[in-house]
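Colleague: I have a new structure open and would like to learn how its descriptions are justified. Could you go through it with me, one word at a time?

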Amino acid sequence: MSRSRYSRVAGVAVHVPDGGLTTPQLEDLLAERNPGIRVPRGLIERQSGVRRRHVAPPECMASDLAVAAARELLRQTGHTPPSIDLIIYAGVSGDAVEPATGHMVASKLGAGCPVFDVRDACNSVLRAIHLADALITAGHHRTVLVVCGEVVTTGIRWRVESQEDFEPAIPSYTVSDSGSALLLESSGTPGVLGHRFGANSAYWESSIMPFVRDDSGGFRAGDFAIDPIALAIGVQKLDLSVLRQPLAERGLGWEDMAVVCAHQPSLAALHWLCELIELPRDRAEVTIAEHGNLAASTLPMQLHQAERAGRLRRGDLVALVGVASGLSSGTVLLRW
């Protein structure tokens, strides 16, 4: 295969399930399922900014949501599954421990290309774009489909043991299900302009969904837990200058971006990140209120939303910024 010099994002698509829950509806269900607990009305929205979230039906798999988004994207871009050289599945959710969820996606799409999964918590899609760019510019592939399916509402803590357990459970009440897809292809002009990543792995325990033993002696996913103090310290110890580096290397600033997409587990977390990286709040694309915490699908949703609203057009500059559990950080700079 001939060497390709550049890669570009040819398009993005998002699929959300029909089902949804507003925050008041979620509070009603919590009160019904926990009659001995007082559910503080309005606290979830005040702390997280989330007004509604998408909820997939019980039979829906992560690959189903990813495939729905991928089919829409292929339709938009005029591609068919045989024209895809590689599929990278990038999500917090997956269909199985083994094999790679990318195989389920390829099978449902009818694609016969190689696949692999990449996992970096909510920065998984950022990492997948990085890898797709490297593989395309090295000449190994010409078209790479990056897909993500998130069925994270299965982690909602519907049972609360005590009043004291309610507030620590709030992060689980912000999550939302969706599928997303991006197509990267070889290009004669630069589209993926740069990327930088960092990590502070010493603080991996500050934000975790662990495996725990069940009653049969096997393992299952435990509750998502956050140590807010350790998480804040860990994020502040990250080298956040990494997030501005792809722009600074080209003499650019946040003001030069048509859109800045930043991961947002809550509105407060987004505002804090904006403060730490000196990003004006009004420059950030906001999805948390109407779509909830979409995990790794958050950044594709923001691209989709900005493009649909006309804030992002071909030729515009866009920055994708992520800080995720681990702790990891990264920025991808694109010419749309």
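Modeller: Gladly! Let's begin with pairing: two strands count as a pair if DSSP finds at least two bridges between them. Keep in mind that this is a predicted model. With that rule in hand, look at Tyr89, which stands opposite Val147 in S6.

Colleague: How do you know that strand S4 and strand S6 pair?

Modeller: Four bridges join S4 (residues 86–90) to S6 (residues 143–150). The rule asks for at least two, so S4 and S6, with four bridges, are a pair. The two strands run parallel.

Colleague: What about S1 and S7, and how do they run?

Modeller: Nine bridges join S1 to S7, and these two strands run antiparallel. Within this pair, Val9 stands opposite Leu184 in S7.

Colleague: What makes the pairing of the five-strand sheet "mixed", and in which order do the strands come?

Modeller: The order is S1-S7-S6-S4-S5, in an open sheet with mixed pairing. You have already met both senses here: S4 and S6 are parallel, while S1 and S7 are antiparallel.

Colleague: Why are S1 and S5 called edge strands?

Modeller: Strand S1 (6–15) and strand S5 (115–118) each pair on one side only, so they are the edges. Neighbouring strands in this sheet are turned by 20° against each other on average, direction ignored.

Colleague: What packs on this sheet?

Modeller: Helix H3 (residues 62–77) does, touching S1, S4, S6 and strand S7 (178–187). The direction of H3 makes about 120° with that of S1. Helix H10 (residues 298–308) lies across S1 and S7, at about 85° to S1.

Colleague: Why is S1 described as largely enclosed?

Modeller: Seven of the 10 residues of S1 are buried, so S1 is largely enclosed by the rest of the structure. Buried means under 20% relative accessible area.

Colleague: Is there a second sheet, and what is its strand order?

Modeller: Four strands form another open sheet, in the order S8-S15-S14-S13, again with mixed pairing. Strand S8 (192–199) and strand S13 (259–262) are at its edges, each pairing on one side only. Its neighbouring strands are turned by 10° against each other on average, direction ignored. S13 and strand S14 (residues 317–324) pair in the parallel sense over four bridges, and Val260 stands opposite Ala319 in S14. Helix H5 (residues 124–137) packs on this sheet, touching S8, S14 and strand S15 (328–335).

Colleague: How do you know that Cys60 is in no disulfide?

Modeller: The two sulfur atoms would have to be within 2.5 Å. For Cys60 the nearest cysteine sulfur, that of Cys148, is 12 Å away, and Cys60 is in no disulfide. Cys60 is buried, with a relative accessible area of 14%. For Cys113 the nearest cysteine sulfur, again that of Cys148, is 17 Å away. The count for the model comes to zero disulfides.

Colleague: Is Glu278 buried or exposed, and how do you know?

Modeller: Exposed means over 50%. Glu278 has a relative accessible area of 61%, so Glu278 is exposed. Its place is in the loop between helix H8 (267–276) and helix H9 (288–291).

Colleague: And Ala295, buried or exposed?

Modeller: Ala295 has 6% relative accessibility and counts as buried. Ala295 lies in the loop between H9 and H10.

Colleague: What makes the phi angles of Glu278 and Ala295 worth a remark?

Modeller: Most residues other than glycine have a negative phi. Glu278 has a positive phi of about 60°, and Ala295 one of about 55°, although neither is a glycine.

Colleague: Why is the peptide bond from Glu98 to Pro99 called cis?

Modeller: Its omega is near 5°, and the bond is cis. Pro99 is found in the loop between S4 and helix H4 (101–109). Another cis peptide bond joins Gly326 and Leu327, with omega about 0°.

Colleague: Last one: what makes the protein chain "compact"?

Modeller: The chain has 10 helices and 15 strands. Its radius of gyration is 20 Å, close to the 20 Å that the globule rule gives for 336 residues, so the chain is as compact as a globular protein of that length.

Note on methods. Residues are numbered from 1 along each chain as its sequence is written. This is a predicted model: local features need pLDDT of at least 70, side-chain atom pairs count only at pLDDT 80 or more; totals for chains, interfaces and linings use all residues. Side-chain values use heavy atoms; hydrogens and water are left out. Axes are lines fitted to C-alpha atoms, for helices over the stretch in contact, and angles run from 0 to 180 degrees between N-to-C directions. Contact means heavy atoms within 4.5 Å. Buried means under 20% relative accessible area, exposed over 50%, partly exposed in between (1.4 Å probe, protein chains only). The radius of gyration is taken over C-alpha atoms; the globule rule is 2.2 Å times the number of residues to the power 0.38.
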